[in-house]
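The following exercises ask the reader to work from a set of coordinates to a description of a fold. Each task is followed by a solution in steps.

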Amino acid sequence: MALKKLFHRLTAPVSELDVERLRKFCESRPGVTPIGELQARAEGTSVGEISSMRSVPRAGSPSLEATITDGSGSLLLVWTGRRKIAGVGPGKRMVVTGRAAATGPHGRLLMFNPRYELL
């Protein structure tokens, strides 16, 4: 069995290994729901790694957008009235809690002003 795992690690693409490692990390956190299983319009807690960030001006007020992923899906986080948050950046892992809303034609999940904890 160990030889099979070693062969997999040597032949698999790095991006696939990163997703597996992230999924294992996220599943090890107690009390969280995988992003792929979050329900729209229901309070939920999830953990993930920030894959992208941007600052967007909306109606004269700035907002900070971050996309987190946990290997099972992605979640868009939006903090209104913020241009940046200390410690929050690409590659950082965080636990977020809030009410997700489905947006767009594919039902992508979005969370406004979630409570968060940096890991």
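**Exercise 1. Determine what share of the contacts between residues at least 6 apart in sequence joins residues at least 24 apart, and describe the order of the elements.**

Solution. Step 1: in this predicted model, 50% of the contacts between residues at least 6 apart in sequence join residues at least 24 apart. Step 2: the protein has 2 helices and 6 strands, and from the N terminus on these follow the order α-α-β-β-β-β-β-β. Step 3: of the 119 residues, 32% count as buried. Step 4: the accessible surface comes to about 7,500 Å², and carbon and sulfur atoms hold 54% of that area.

**Exercise 2. Establish how strand 4 pairs with strand 1, strand 5 and strand 6.**

Solution. Step 1: strand 1 (residues 43-58) pairs with strand 4 in the antiparallel sense, over 7 bridges; here Glu-49 stands opposite Arg-93 of strand 4. Step 2: strand 4 and strand 5 run antiparallel and are joined by 4 bridges, with Arg-108 in strand 5 as the bridge partner of Thr-103. Step 3: strand 4 also pairs with strand 6, in the antiparallel sense and over 4 bridges; Arg-115 in strand 6 is the bridge partner of Thr-97.

**Exercise 3. Identify which residues of the largest nonpolar core touch the most other members, and which elements supply two or more residues.**

Solution. Step 1: the core has 16 residues, of which Ile-68, Leu-75, Leu-77, Trp-79, Met-94 and Val-96 touch the most other members. Step 2: the elements giving two or more residues are strand 2 (61-69), strand 3, strand 4 (93-103) and strand 5 (108-112). Step 3: leaving aside residues up to four places away in sequence, Ile-68 touches residues including Leu-75, Leu-77, Met-94 and Val-96, and also Gly-48, Glu-49 and Ile-50. Step 4: as background, nonpolar side chains in soluble globular proteins tend to be buried together.

**Exercise 4. Decide whether Glu-65 is buried or exposed, and list what it touches.**

Solution. Step 1: Glu-65 is found in strand 2. Step 2: its relative accessibility is 4%, so Glu-65 counts as buried, the limit being under 20%. Step 3: not counting residues up to four places away in sequence, Glu-65 touches Ser-52, Met-53, Arg-54, Val-56, Arg-58, Leu-76, Leu-77 and Val-78.

**Exercise 5. Characterise the aromatic pair and the accessibility of its two partners.**

Solution. Step 1: the structure holds 1 aromatic pair, formed by Trp-79 and Tyr-116 with 5.6 Å centre to centre and 75 degrees between the planes. Step 2: the pair is edge-to-face, because an angle over 60 degrees places it in that class. Step 3: Trp-79 lies in strand 3 (residues 74-80) and Tyr-116 in strand 6 (residues 115-118), 37 residues apart, and the pair thus links distant parts of the chain. Step 4: Trp-79 is buried at 5% relative accessible area, whereas Tyr-116 is partly exposed at 34%.

**Exercise 6. Examine phi of Arg-41 and of Asn-113, and state where each residue is found.**

Solution. Step 1: most residues other than glycine have a negative phi. Step 2: phi of Arg-41 is near 65 degrees, a positive value; Arg-41 is found in the loop between helix 2 (14-28) and strand 1 and is exposed at 71% relative accessible area. Step 3: phi of Asn-113 is near 45 degrees, again positive; Asn-113 lies in the loop between strand 5 and strand 6 and is partly exposed at 42%.

Notes:
Residues are numbered from 1 along each chain as its sequence is written. This is a predicted model: local features need pLDDT of at least 70, side-chain atom pairs count only at pLDDT 80 or more; totals for chains, interfaces and linings use all residues. Side-chain values use heavy atoms; hydrogens and water are left out. Rings of Phe, Tyr and Trp (its six-membered ring) pair if their centres lie within 6.5 Å; planes under 30 degrees apart count as stacked, over 60 as edge-to-face and the rest as tilted. Buried means under 20% relative accessible area, exposed over 50%, partly exposed in between (1.4 Å probe, protein chains only). A nonpolar core is a set of buried Ala, Val, Leu, Ile, Met, Phe, Trp, Tyr and Cys residues joined through side-chain atoms within 4.5 Å. Contact means heavy atoms within 4.5 Å. Two strands pair if DSSP finds at least two bridges between them. Accessible areas come from the Shrake-Rupley method with a 1.4 Å probe; for residues, only the protein chains shown count as cover.
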